[in-house]
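Subject: Handing over the structure

Hello,

Here is the structure you will be taking on. Please open it first, then read the notes below.

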Amino acid sequence: METFSVSTKSSLKFPLFLFPDNRPTSAVIAAAHFPNLAPRSLRFSICNDTSRSSLGSVSFSRSDPNFSAAEDFVKGNVYPNGVAVITLDRPRALNAMNSDMVMKCKQLLEEWESDPKVKCVLIEGSSPRAFCSGGDVKQITNKNTLLDMVKVCAPEYSLICKISEYKKPYISFMDGVTMGSGIGLSGHGHYRVVTERTVLAMPENRIGLFPDVGFSYLAAQTPGGGSVGAYLGMTGKRISMPSDALYVGLGTHYVPSGNLGSLKEALLASTFSEDPHKDVTTLFAKYSSNPESESHLKLLLPQITSCFSADKSVKEIIEELKKHQQSEEASVVEWANDALHGLGKGAPFSLCLTQNYFSRVAAGYGKPGNEFSTLKGVMKTEYRISLRSCLRNDFAEGVRAVLVDKDQSPKWNPPSLEEVNEEEVEAAFEPLGPGIEELKV
């Protein structure tokens with residue numbers, strides 16, 4: 001297989017070698033603009049027909065040795081009463097999702113949606129430690145070409161859209177760690193069960209990315225006109241209280257972990273009517289309850305809204321938080337300190353990108369005709385941003401500092417908010433260049 005090494009420079013267009021029709025000399029050169037790429041070497045493969053992939057329609061072969069791992073890590077079973085269960089079984093990695101696992105989930109959902117014997121779908125983790133801790137980012141950074149990013153982003157974003165529009169009841173047991181891709185797998189479904197062990201977060205800014213998996217769309221629906229969701233996305237704040245998970249809408253039902261097994265047994269023993277949604281709702285009413293404590297986020301809503309409303313820039317958010325540090329209420333001071341600490345962990349470019357993106361989605365949510373009024377519209381824009389963000393040096397540096405070397409001292413580029421070029425932030429939203437298809441959902 002021939003490969004080409006392409007050198008790139010900051011803020012310049014670089015050539016992308018598309019795939020030829022079996023002739024080594026017939027490579028087509030297209031241009032795409034990926035802002036603020038530090039000089040690096042990217043490798044683009046020229047494939048023959050036996051291993052062909054397309055930037056617009058990525059295909060994968062089950063002969064790929066990695067696919068067997070998906071068979072092991074994602075287990076699908078259909079029970080006699082019509083309940084289909086997906087079990088994520090990669091406990092040593094806290095069920096982190098790789099591309100093969102994503103494709104396996106999508107394959108199962110597509111098969112079951114058209115199978116009249118299947119009445120509803122349950123997705124769960126194999127252990128109480130985690131439902132899904134996120135995406136396998138180490139795997140992504142080991143492959144740093146545009147085609148690799150297409151292979152990662154396109155199937156996952158397509159899966160998210162499939163979940164959001166699923167015709168049959170889609171139930172998530174969000175027991176344990178549920179972050180990043182875990183929220184993508186659960187947050188867009190019909191029934192989202194949280195327990196006292198559930199830990200929710202979107203910490204992507206801390207590794208030089210941005211909160212993706214459609215979280216901006218979920219955030220836009222949170223209290224305060226999307227302010228609570230923006231706060232969670234920008235700071236990477238963890239939610240560990242069921243009352244907070246229900247308040248922001250990431251969870252729909254609270255079931256104590258000790259009752260989760262009984263709920264599953266009852267689900268597998270149910271006889272479904274012509275209206276499975278009604279049957280699931282009735283069953284959940286028997287097993288779910290109200291959390292004992294009140295939502296902390298609800299109590300802090302005035303402060304969150306004053307800081308993280310859609311019209312506030314990152315610098316304005318920080319200034320507002322500093323004002324709250326002077327509050328006479330100890331809980332407000334603690335919250336402001338914690339929020340500033342969370343922002344301080346994020347890459348400056350990522351923070352500005354996230355604020356810009358979440359503001360756009362919050363402004364467009366619920367407005368017919370707006371590109372951000374539907375999840376599909378959001379995901380199409382998110383796809384553009386993701387391809388560009390994954391190729392920034394901030395991502396590789398963030399993974400190195402947080403997950404590999406674990407020195408927690410990333411060298412961001414740019415290193416400060418003052419040095420972020422807003423034109424480069426805006427450029428992340430632009431349509432993809434010639435030869436690179438937009439997300440098809």
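In what order do the three strands of the open sheet with parallel pairing come? The order is β8-β10-β12. Keep in mind throughout that this is a predicted model.

**The three-stranded sheet**

The edges are held by β8 (residues 130–132) and β12 (residues 199–201). Each has a single partner strand, so one side of each has no neighbour in the sheet. On average, neighbouring strands here are turned by 20° against each other, direction ignored. Look at β10, residues 177–179. This strand pairs with β12 in the parallel sense, over three bridges. Within that pairing, valine 177 stands opposite valine 199 of β12.

**The six-stranded sheet**

There is also an open sheet of six strands. Its order is β5-β6-β7-β9-β11-β13, and its pairing is mixed. The edge strands are β5 and β13 (residues 253–254). Each of these two has a single partner strand, so one side of each is left without a neighbour in the sheet.

Start with β6, residues 83–88. How many of its six residues are buried? The count is six of six, so to speak of β6 as mostly covered is fair by the cut-off of under 20% relative accessible area. Val83, Val85 and Thr87 point one way from the strand. Ala84, Ile86 and Leu88 point the other way. Both sets are buried. In general, side chains in a regular strand alternate between the two faces of the sheet.

β6 pairs with two strands that are worth tracing. With β5 (residues 74–78) the sense is antiparallel, over five bridges. Valine 74 faces leucine 88 of β6. The hairpin of β5 and β6 has four residues between the strands. There, glycine 82 takes a positive phi near 100°.

With β7 (residues 120–125), β6 pairs in the parallel sense, over six bridges. Alanine 84 has valine 121 as its bridge partner in β7. Leucine 88 has glycine 125 as its bridge partner in β7. Helix α2 (residues 99–113) joins these two strands in a β-α-β unit: β6, α2 and β7 together are right-handed.

**Cavities**

How many cavities of 30 Å³ or more does the structure hold? There are six. The largest has a volume of about 100 Å³. Its lining is made by 16 residues. Closest to its centre are Ala230, Phe308, Ala310, Phe358 and Ser359. Three elements give two or more residues to this lining: α6 (215–219), α7 (227–235) and α15 (348–364). α15 gives the most, with four residues. By class, the lining has nine nonpolar and seven polar residues. Charged residues are absent from it.

**Backbone points to check**

Go to the loop between α17 (393–404) and α18, where proline 414 is found. The peptide bond from asparagine 413 to proline 414 is cis, with omega near 5°.

Lysine 406 is found in the loop between α17 and α18. Its phi is positive, near 60°, and it is not a glycine. Is lysine 406 buried or exposed? It is exposed, because its relative accessible area is 56% and the cut-off is over 50%.

Valine 213 also has a positive phi, about 45°, although it is not a glycine. This valine lies in the loop between β12 and α6. Its relative accessible area is 0%, so valine 213 counts as buried.

**One long-range pair**

Last, find valine 441, in the segment after α18 (422–427). Valine 441 is partly exposed, with a relative accessible area of 30%. How far apart are valine 441 and cysteine 161 in sequence and in space? In sequence they are 280 residues apart. In space they are 7.0 Å apart, C-alpha to C-alpha.

Best wishes

How values were computed: Residues numbered from 1 in each chain as written. Predicted model: local features only at pLDDT ≥ 70, side-chain atom pairs only at ≥ 80, totals over all residues. Heavy atoms only, no water. Pairing = 2+ DSSP bridges. Axes fitted to C-alpha atoms, helices over the stretch in contact; angles between N-to-C directions. 1 Å grid on protein atoms, 1.4 Å probe; cavity = no way out; pocket = protein on both sides within 12 Å on 5 of 7 lines; lining within 4 Å. Points joined across faces, edges and corners; volume = space filled by probe spheres on them. Nonpolar A, V, L, I, M, F, W, Y, C, P; charged D, E, K, R; others polar. Buried < 20%, exposed > 50% of the residue type's maximum accessible area, 1.4 Å probe, protein only. Right-handed = clockwise from strand over helix to strand, strands pointing away.
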